Amino acid sequence: MTTLLDGYREHIVAAHKQPLFLLLVGFITSFVFIRFSVRMIRAQVRWWPGNVTPGGLHIHHMVFGLFFLLVGGIGVFATYGGHPWIDVFGLVFGIGCGLVLDEFALILHLDDVYWGEQGRKSVDAVIFGILFTGLLLIGYVPLGAEPTGETRWGLVTIISANALAMVVTLLKGKMWTGLLGIMVPGISWVGAIRLARPSSPWARWRYATRPRRRARALRRERRLHRRADIARTWLFDLIAGAPDKVPANHPAAHRVAERMAARASAHLDAHAARALARRSARLADRRSATAVAGAAAGGAAHEPGTRHGAQQRRRSVRAGRSRTYVVRPTGLERRPDRHPRLRPHTRRIHR
């Protein structure tokens, strides 16, 4: 215990990093507490207080996080960063960071996707924020170089090379490698040299005319990145809870369901209208055919030369399709007499 206190005084207090350390403590503490709270609420534990809903309005913890951020930021400027106020406001600012970044996906999508697949972006944002703050606390600086007068041109070279490698890594679809490469230069250089992920912009630009390299990238994606994605999903489920496969109160899901129901209803209505129009047309054709057949049978005795056969009439269906209905003889009309010498042609089957 004494060794830890001595190390804290030497590396944190003496190095003037106590406000940053307290910010990191508040960040991690608020994130762990709020995740535990929402998981208890999701499990509907009776002894745990539920959501804050005054007057039926659900207030997200992002609102409380914004309050802590404002208090911490304004307090530092109001007290001129004096000791011990800067330590207190650093802790308050870290609490606000944890509460706000825990709902980063809600801010990004402007939708309540906390328990959806999109909600995983909040965990990504929190982990990156904690790692970034931790690396600053350890002593790393962005782009991996300290500004000194003796190494000015070397500093420009290191910063330029690391920035270029970081951009290439991000274009290759390696988000975590590129972001960590901001603090640790070697990581971004390794990511820039290795193959890109098949779904990345770099692969679409560079691998379109190189089928062998694209095939290698696909094999590596199946072999390595799929296992990494499974491990990442397991870790995120452990930290933040498994997302809902079909969120019950998702507004986007309601909109999709309503749109599909409207399309199905319109399709059924149009189908029923077409069926009714066809049925009405057939009934009208049968009535007209019966009337025509009766008139032909009655006038056959007076006009023996009347020609009987199939009669065609075209009817326009209101559903929008034009069809031709054939009215065939019903058997009531008189058939013309055949010549006695004409015999029907039949084929003989030889066995």
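These legends accompany an overview and several close-up views of a predicted model.

**Figure 1. The whole chain holds 12 helices and two strands.**
The predicted chain has 351 residues, and 28% of them count as buried. Along the sequence, the elements run α-α-α-α-α-α-α-α-α-α-α-α-β-β. Among contacts between residues at least 6 apart in sequence, 60% join residues at least 24 apart. The accessible surface comes to about 25,000 Å². Carbon and sulfur atoms account for 62% of that surface. A search of the whole structure finds three salt bridges. The next three views take these up in turn.

**Figure 2. Asp6 and Arg9 form a salt bridge within helix H1.**
The closest N and O atoms of Asp6 and Arg9 are 3.3 Å apart. Both residues belong to H1, which spans residues 2–13. They are three residues apart, or about one turn of the helix. Are these two side chains buried or exposed? Neither label applies, because Asp6 has 41% relative accessibility and counts as partly exposed. Arg9, at 46% relative accessible area, is partly exposed as well.

**Figure 3. Arg35 pairs with Asp102 in a salt bridge.**
Here the closest N and O atoms lie 2.8 Å apart. The pair links distant parts of the chain, with the two positions 67 residues apart in sequence numbering. Arg35 sits in helix H2 (residues 18–42). Asp102 sits in the loop between helix H4 (85–101) and helix H5 (104–109). Both Arg35 and Asp102 are buried.

**Figure 4. Arg197 meets Glu221 in a salt bridge.**
The N to O distance is 2.7 Å. Arg197 lies in the loop between helix H9 (185–193) and helix H10 (201–206), while Glu221 belongs to helix H11 (residues 211–240), so the salt bridge ties together parts that are 24 residues apart in sequence. Glu221 has a relative accessible area of 19% and counts as buried, because the cut-off for buried is under 20%.

**Figure 5. Arg220 is buried yet has no salt bridge.**
Arg220 is found in helix H11. Which side chain of opposite charge is nearest to Arg220? It is Glu221, 8.5 Å away. A salt bridge needs a nitrogen to oxygen distance within 4 Å. Glu221 has its salt bridge with Arg197 instead. Leaving aside neighbours within four places in sequence, Arg220 is in contact with Arg194, Leu195 and His225. The C-alpha atoms of Arg220 and Ala196 are separated by 9.6 Å. Those two residues are 24 apart along the chain.

**Figure 6. Nine arginines, listed here by name, form a positive surface patch.**
The members are Arg206, Arg210, Arg213, Arg216, Arg219, Arg222, Arg223, Arg226 and Arg227. Which helix gives the largest share of the positive patch? H11 does, with seven residues. Arg222 is one of the patch members, and its place is in helix H11.

**Figure 7. Met1, Leu4 and Leu5 make a nonpolar surface patch.**
The patch covers about 370 Å². Leu4 is in helix H1. With 65% relative accessibility, Leu4 counts as exposed. Helix H1 also holds Asp6 and Arg9, the pair shown in Figure 2.

**Figure 8. The loop between H3 and H4 includes Tyr80 and Pro84.**
This loop follows helix H3 (61–78). A cis peptide bond joins His83 and Pro84, with omega about 10°. Tyr80 is not a glycine, yet it has a positive phi of about 60°. Is Tyr80 buried or exposed? Tyr80 has 77% relative accessibility and so counts as exposed.

**Figure 9. Leu110 has a positive phi.**
The value is near 50°, in a residue other than glycine. Leu110 lies in the loop between H5 and helix H6 (120–138). Its relative accessible area is 77%, so Leu110 is exposed.

Key:
Residues are numbered from 1 along each chain as its sequence is written. This is a predicted model: local features need pLDDT of at least 70, side-chain atom pairs count only at pLDDT 80 or more; totals for chains, interfaces and linings use all residues. Side-chain values use heavy atoms; hydrogens and water are left out. Helices (H or I, at least four residues) and strands (E, at least two) are DSSP runs, numbered from the N terminus. Buried means under 20% relative accessible area, exposed over 50%, partly exposed in between (1.4 Å probe, protein chains only). Patches are made of residues with over 30% relative accessible area and no salt bridge: like charges are joined within 9 Å, nonpolar side chains (Val, Leu, Ile, Met, Phe, Trp, Tyr) within 5 Å. Accessible areas come from the Shrake-Rupley method with a 1.4 Å probe; for residues, only the protein chains shown count as cover. Lys and Arg count as positive and Asp and Glu as negative; His and the chain ends are not counted. The place of a charge is taken as NZ of Lys, CZ of Arg, CG of Asp or CD of Glu. Contact means heavy atoms within 4.5 Å.
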